[in-house]
Structures are given as structure tokens and as C-alpha cells.
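Open the model in a viewer and keep the selection panel at hand. The stops below go from one contact to the next, each with something to select and a description of what is there.

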Amino acid sequence: MIDADKKPLPQHVDAVVIGGGTAGCAAAMHLANAGKRVVLFEQRLAGAQASGQNYGGVRQQGRCPEELPISFRARRIWDRLPEIVGHDCGFRPSGHIKLARTAEEFAGLEAWAEMARGFGLNVAILSGNVLRAEHNYLGSWVYGGSYCATDGHANPRLVGPLFARAAERAGVDLRECCPVAKLERDGAGFRVSLADGRSTRADVAINTAGAWGADIAAQLGETYDEHVLSPNMIVTEPAAPIFAASFGVCGGDIYFRQTPRGNVLFGGGRGISDKSRLWARPLATVSVQAAAKMIGFIPAVAHLAVIRSWSGIDGSMPDDRPVLGPSPSVPGLFHAFGFSGHGFQLGPAVGEVLADLVLAGHTETDISGLSPLRFTPSTIGAA
Amino acid sequence: MSAPAIVIVGAGPAGVRAAEVLAGAGLRPILLDEGDRCGGQIYRQPPDPRKRPYAKLYGTEAERARALHETFSRIAPEIDYRPRTLVWDVAGGQVMVHAGGGVGRIPYSHLLLATGATDRTLPLPGWTLPGVYTLGGAQIALKAQDCLIGKRVAFVGTGPLLYLVAVQYARAGAEVAAVIDSGTRAAQVANALGLLAQPKVALRGLGFVAELKRRGVPVLKGAIPEAIEQTADGLAVKLGARRFACDAVGLGYGLRAETQLADLAGVPRRFDAAQQTWVPESGADGRTPAAGVYVAGDGAGILGADAAELRGARAAFALLEDLGKPVDAAKTKTLEAGIARWARFRAAIDGMFPVPAAALAALPDDAVVCRCERITVADIRRVAALAKPEDVNRLKAFGRAGMGRCQGRFCGENAQAILAAITGAAPSALGAHRAQAPIKPIPLDDMTRVAPNTDPIVEEAAQ
Ligand SMILES: Cc1cc2nc3c(=O)[nH]c(=O)nc-3n(C[C@H](O)[C@H](O)[C@H](O)COP(=O)(O)OP(=O)(O)OC[C@H]3O[C@@H](n4cnc5c(N)ncnc54)[C@H](O)[C@@H]3O)c2cc1C
């Protein structure tokens, strides 16, 4: 709920969550369901930043091995959204095809499929002939591809906000339009203050502040090299179904899907943004280039009219992997930020993993490769 | 300093008068317009203007129309006029255009937006049936195409345009089934005094009402029909126990400013409570909080065509002042006084013909609100209950109202009023739809070609 009438904050809660993207809202919801008192602060509206602005790809394919365990966990949750948040959020397990344009790219797909098989995920390798026969809308340049049947796409505009509403129903004190001005140590816990002077104490602090995550960490003396990532997105008017799967292209910087409503939605290149103003814009130059690429991949879309374009603000880390796990220097502080342009699929599982860490002190899911510790401990101040 | 590059968007009364002032100062503004010919909506020219005389085309406004078109012809050699050119984005000191099957960019140092207005519609059951047009659409059919939307036409809505179009249709040979005005007689009497700011215009309006009565047209006041129904031989407008049989309906509750480009150019918008719509923030001189961006005419808030001419000229003088050019202060004062008179007149009109936005709360579940996405009142109510949207952009994100081809230009204020009724929030607290490039649809393959006479948006794309 919007913090319009500036209700007093609770004096003391079990956990404070900073950042109301999917990850933060899901974490808050699980903690509240476990009986914890939770306040969630969101600087603007829940699920309205990266979690609500993204392309909507729900994909395991193509991820680095460090992300696969949590991505698998997330994929299982995607099937259960109706029971968790009361709506399927437009999730369609339509399959995801990654395309290769050259023999080298194709070899890359085969290597990835081999790696994923080690994790128990089956990905079908498709020759150019098979692809062209089964997907005759593809341009003739296709060399080959790989197909992950359990991947798909969803409506990002619903996922974060519906987790937020579910969190409220679970008892989370969710404050929208409520930026956290200060996070500091207070005894064994934390004090979280707003610009108007209101504050609350919490035993545990969860940093799910997305592109602003490193700023929150910096308040407690930890330095992370987080940058802003603003993919450029375009959508056409709705059309009769042309293709069902969601597509990516090796090194092509273009990805496309057709929504259940019929709109062809594609991303490619970067827009511009200013995270201090929560402002992001697509760029005409980038849109024009992406349009040309899109037509090259699926010529049948050429006659469709573009009706809208946009961008968003995600945090990105130097190794393109999120920072997820307990803080290396501050007990009771947990980080989950810097999802580097592919955190939409992970969000629901990030919430569960954070709740595991807070409630049980550990998680079954292997997140060791995402640990904050991988960033030079020397830059991390003493607690 | 390099020569200023001035771009005017819109070649209606405001844009043409602005171009006249700037050309007079020896600057060569670029005048961009979507349409085939200058004149905007009100002084729109048919495909071949020579075929029909001014008096027939523009009636009482014939002289104004002629004057504007003649001014345009006179300054044409001194300006860079580009018709059939849609501006679809404003960013980084450039406008992006769609023209001649391609796209391109035009850099500017100063941008004057004279983007005009479109009809304000209010949904009711049946308004999506074939044969139902906006009032503006009905008028353009007559003006540009020289045809009527039907033989027996009912006019529903409010505002001066309601009576004007009804009279124009009657004179053109249509049978006017009824004129149904949501404005009450009481409100019209109470506000009539303000009309003295423009006595001639007021008399003309009264003349229209009298003419309709003389022709035997039923004129109903304070009435909002419940539905438009399909019948065996056409349509019927249902009002209580009465049904007005017709074969077409003209529907319109006044006008609303076209503000998308102003929004993209960084001009904040404010809610105009009298007109129940969003307008760009600007002074009477057309200056906006965004440096180098000016707004004029109905795109800056509805004051009508005569005022638009004054506002176009005034904004152009403000631009000249900002360039450090000498400007005759007496002239700008006269223009501002004229604009103020129109503002007083408009306040009276707004009081006489208020948009009955509150009536939206009572719409039945199955009424379509957002036509592009076919979102009904029930859809909005369901989304409001499940996801609790905080403003119209969130309502759009959650429930698709305003997410289609028109970007909410035609449903935005209505969705806002319906959401306000559900949540109890003030409509002004629910925001305006964010404009997103392209503000009107552009074919994907046109985005890969370069529009003539523009800089390519991507250098390499200039094959
Ligand atoms: C255009 C675009 C396309 C993308 N496409 C995909 C895709 O197809 N598939 C995929 O898996 N991922 C995709 N991503 C990435 C994905 O959207 C993000 O990785 C993910 O949503 C990040 O979630 P988050 O919760 O960390 O961030 P966010 O959703 O941004 O949430 C962080 C929240 O913290 C709030 N906050 C920050 N500072 C404060 C403060 N001081 N006080 C209070 N609140 C604060 C912010 O307002 C924000 O709401 C895309 C991202 C973008 C931008």
C-alpha cells in the first residue's frame, strides 16, 4: 500500500526487506507465512522496476552453471503461481529455442546442452533443417538451435505486484512510495530510517534493492561494483499466432516472443536510464536497429506495427551473476541484487532461498557460486 | 552561435500562426504535420479544395478558414513545411518522424508543439457498434469527404460542438433524430453570463439551438442515454423509456488535448478539473518548464480555434524573446488579453457543458472502456480488487486498459474516473498515461527505411 498517510512504523520487527521487486516481495511473503513480523519498504511501487519492466523470459537455457540450481527451483515455482499468488501471471511453458547462426555458435549450444545434462536438464539439439521444417517462419540464415521444452514466458507486469499483494495478505507491512534513507547497525540488529525521520528496528535486514542494491550495501561498509543495465524493449500490435516458443540468438543481442494476446515482443540493445530518478527510456537508434534484426529473424512480422517501446533498470555485476547470500561482514544482513538482466525467472525462488537463510540459517539450493564472498573480501569493511 | 533550428508540430490554427510570426522574423521554421494539407482539424481541407466553396465547407467560419489558408500560402516559401509527417518521439533535442514509408530524425533547438485535440468520449453500452462515430469524426466525414455518417443521425454528448455538428448535418440533408446533451439547463443558465466575453460566438451558439428547434429536432438537456442498441433496421439510442431510432450516432463530450509529445519532451502535466483531463503545464505565453519547449493551441488545453491562433502567435513571440530577438511588447500584451478573454469564455462553456465523468461509476459491467484491448468495466473492477492498482499506469500494466494502439488517448480519463469511483481516490491523484514512443503505430519494416529529407536515425541504415 502507498504510504500516503505516513502511518507510524512498528518499533521493532523480525525482518526488514528493502526493495519490493519479485525477490523482495516473495521473501517477505514467505517470512510472514512463517510467522515473522516483516516490514517491506519500496521506494516507488512494488514490482514496478526491473521486475515489472522486463521482457518476460522464463528461461533456464543459456544460464551459467552457478545459476542453474536456483533457476531449476524457480521453474518449479512458476507452475504453482495460481496457488501462491492467485493468478498464473500469464506464464506459458511454450519452450525456449536458442538459435545459432554459425557452426561455432552451434558448437557452443552443444557444449551448454552437455553441461546442463550433468545437472539433469534435457535440451534438444536441432539441426538447421529440422528447425526450418518445424518453424518455417524463421529466416533462412538459421544454422541450428537448441530447445528447452520447459522454458517459456510470462507477463512481468503481474508477477511482482501479485507477490506484493500476496505478501500483504500474509501480513507483511508493505510500504510503497517509501524509500529507505538509512540502514545502520543497532546493537545486534538494524535501524532503518526514512527521510522524514520515522524509523524501525529489525533483527534481520534483507537487501533486495535491485540496481540500488550496492548503494544499500555501501551503507554498511560493503563495496560492490554494480552497474545499471537497461535493455531496450519493443512491442507490436497483436496479430494471429505466428510462433509459440520464446527465442534467443547466440551473440545476436535479440530475443523475441509472441504474447498470448498476439503482440510480438522483442528486445535488443540498450536504452538509457538514470537510476537516481527511476527514469529509463528506450532509444530510437536502438529500436530501429532491433526492428531490422527482428525482421531478419522472422520476416512475417515486417508488416506489423510497433505500438510501444520501453526500457527499465536492472543492476548488473561484472561477472553477470547476482549477489545472493549472507553478507560476508554483517551478521543478519542478506543480499539478493545485481541480477544482471536475467533475474525475472529467478525471482520467486530468490524469495524462498532468502527465507530459508533467515529461518533455517541455510538452504538446500546450491547458491555457492553466487555468494557475495566472490568479490574481493579486501574491499569489505569490518563489521 | 549556430542558427536556431525551430520545429513546429501541427499545422492547424496555432501552428500556422506560430510559423507566420517566426517566418516574419526571418527564421525558417520546420512545420511538420500528419495531414495532407494545412488547416488542422477545424479548417481541414478536402482532398481537392477547389471543388467546394469556402462558405459551404466552413459555414460561419469561412472567413477565418480562408484567412488561415491564405496566410499559409503566403508564408509557404519562407518556411520548411512537411505534410504527411508523423512525429513519433522526442528525445535528445531531436524529433523522430515517420514519413514516406520510412523514419528519420530532425534536430531542433526550439520545439513548438501545436498538436491540437481529439474527442473526449464517454463509454456507454453499444458505443462500439458500427455506425457510432465521434462528433469530430462525424464532422470530418462531412468536411473532408463530403459525406454523412448516416441518413438519420442522433447526436449524444455535450458541448458547443454537439450543436454545431447537428446543425451542419441538418443543413447537409441529414435527418437529426435527436440531440441529447448531458449539460443541464440550470448549469447553462447559471454560467451564461460568462459568455459575454465573446458575445458574437455566444449568439451564434444560441442560433444553432434555435435552428435545431425550428427544424423540429428533439433537443434534450441534462440527459445521458443508457445505451445504444442494435435494432432490426439500424440503431436506437435508449434514454429511459424512450428510444430514438437512427442509423448512426455522433458521440462526444468536448475535446481533450493531445499531450503525448509534450510528455516525451519532458513537460509535466497537470489535471484540469474543469475539463476533467490532463494538460501540459504552461503559461499563457506558451512557455513550459522544459527549456526550449513551447505549447500552443488546444494541445495546451482546450480554448478553441480562435484562441489557438492567438496562442500560436504568442508562443512564437516567447520563442523569439528567448532567442534575444526584439519583440513588440504591445503586440504580446494584446495577444495575452485576447487569450484571457477566450479563457473566460471557456470557463463559462466548461460550466455549461461539464464532462459528466461521475456518471461513469454507474456503467454496467459489460460496457467496453478501452476499445483497443476490449477492456470492460467489469475487467477494471476485477483488476482493482485483485491487484489494487495505485494509478492509471498500474491499471494499464495489470489490466491492459490503455495498452493498445492509441496508448490510452481515448480511454485514459475514463479509466481514471472509473478507478477513482472504485477506490475513492481523487481522479487527479491517479496520474496520466505515460506516453511511449512511437506515440502512434509505425509498421516495423518502415522503421528499417530512411524517411526522405531527414537524417537517418542510425547512420549505417542510410543505404
Ligand atoms: C528491460 C529488461 C528486460 C529484462 N528481461 C528479462 C528476462 O527476459 N528474463 C529474466 O529472467 N530477466 C530479465 N530482466 C532482468 C530482471 O527483470 C531483473 O533481473 C529482476 O527483475 C531483478 O529483480 P529485483 O527484485 O532484484 O529488482 P527490482 O524489480 O528492480 O526490485 C528492486 C526494488 O528495490 C527498490 N529499491 C531500491 N532502493 C530502495 C530504497 N532505498 N528503499 C526502498 N526501495 C528501494 C526499487 O524501487 C525496486 O522496486 C530484464 C530486465 C530489464 C530491465
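Start with domain 2 and domain 3 of chain A in this predicted model: eight residue pairs, both members at pLDDT 80 or more, are in polar contact between them. Salt bridges across this interface number zero. To colour the two parts, select 96-149 of chain A for domain 2 and 231-311 of chain A for domain 3. Domain 1 of chain A is made of three segments, 12-52, 157-224 and 319-379, and can be hidden for now.

With the two domains coloured, place a centroid on the C-alpha atoms of each; the distance between the centres is 21 Å. The contact itself involves 12 residues of domain 2 of chain A and 15 residues of domain 3 of chain A. About 1,200 Å² is buried between these domains, and carbon and sulfur atoms account for 66% of that area.

Which three residues supply the most of the area on the side of domain 2 of chain A? Show A:Leu99, A:Arg101 and A:Tyr137 as sticks: they give 46% of the area that domain 2 of chain A buries against domain 3 of chain A, more than any other three residues.

Next, stay on the contact between these two domains and switch to a cartoon. On the domain 2 side, strand 4 (96-100) and helix 5 (103-118) of chain A each contribute at least two residues to the surface touching domain 3 of chain A. Strand 4 of chain A has the largest share, with five residues. By class, this side of domain 2 of chain A holds seven nonpolar, two polar and three charged residues.

Strand 4 of chain A also leads to the next stop, a sheet. Select its strands in the order 5(A)-6(A)-4(A)-14(A)-15(A)-16(A)-13(A)-19(A)-23(B). These nine strands form an open sheet with mixed pairing. Which strands are at the edges? Strand 5 (124-127) of chain A and strand 23 of chain B are the edge strands, each pairing on one side only.

Inside the sheet, zoom in on strand 13 and strand 16 of chain A, which run antiparallel and are joined by five bridges. A:Val235 is a useful residue to label here, as A:Leu265 in strand 16 of chain A stands opposite to A:Val235.

Move along the sheet to where the chain changes. Strand 19 of chain A and strand 23 (residues 442-443) of chain B run antiparallel, with two bridges between them. Label A:Val306 and its bridge partner in strand 23 of chain B, B:Ile442.

Now show both chains in full and select the residues in contact: 37 from chain A and 38 from chain B. The area buried between chain A and chain B is about 3,000 Å², with 58% given by carbon and sulfur atoms. How many salt bridges cross the interface of chain A and chain B? There are four. One to display is the pair B:Arg405 and A:Glu237, whose side chains form a salt bridge at 2.9 Å, N to O. Polar contacts across the interface of chain A and chain B link 17 residue pairs, both members at pLDDT 80 or more.

On the side of chain A that touches chain B, at least two residues each come from helix 7 (156-169), strand 13 (231-238), strand 16 (263-270), helix 9 (284-297) and strand 19 (305-311) of chain A. Helix 9 of chain A supplies nine residues, the largest share. This side of chain A divides into 22 nonpolar, eight polar and seven charged residues.

For the last stop, hide chain A and colour chain B by domain: domain 1 is 6-118 + 256-349, domain 2 is 121-253 and domain 3 is 357-430. The C-alpha centres of domain 2 and domain 3 of chain B are 26 Å apart. Eight residues of domain 2 of chain B and 11 residues of domain 3 of chain B make the contact. The buried area is about 870 Å², and carbon and sulfur atoms give 64% of it. Show B:Pro123, B:Trp127 and B:Thr128 as sticks; these residues of domain 2 of chain B lose the most area to domain 3 of chain B, together 54% of what that side buries.

Between domain 2 and domain 3 of chain B there are zero salt bridges, and three residue pairs, both members at pLDDT 80 or more, are in polar contact. The side of domain 2 of chain B that touches domain 3 of chain B consists of six nonpolar and two polar residues, with no charged ones.

Notes. Residues numbered from 1 in each chain as written. Chains lettered and ligands numbered in written order. Predicted model: local features only at pLDDT ≥ 70, side-chain atom pairs only at ≥ 80, totals over all residues. Heavy atoms only, no water. Domains from an automatic or database assignment. Contact = heavy atoms within 4.5 Å. Buried area = accessible area lost by both parts, 1.4 Å probe. Polar contact = N/O pair within 3.5 Å; in protein donor to acceptor, adjacent residues only side chain to side chain. Nonpolar A, V, L, I, M, F, W, Y, C, P; charged D, E, K, R; others polar. Helix = DSSP H or I, 4+ residues; strand = E, 2+ residues; numbered from the N terminus. Pairing = 2+ DSSP bridges.
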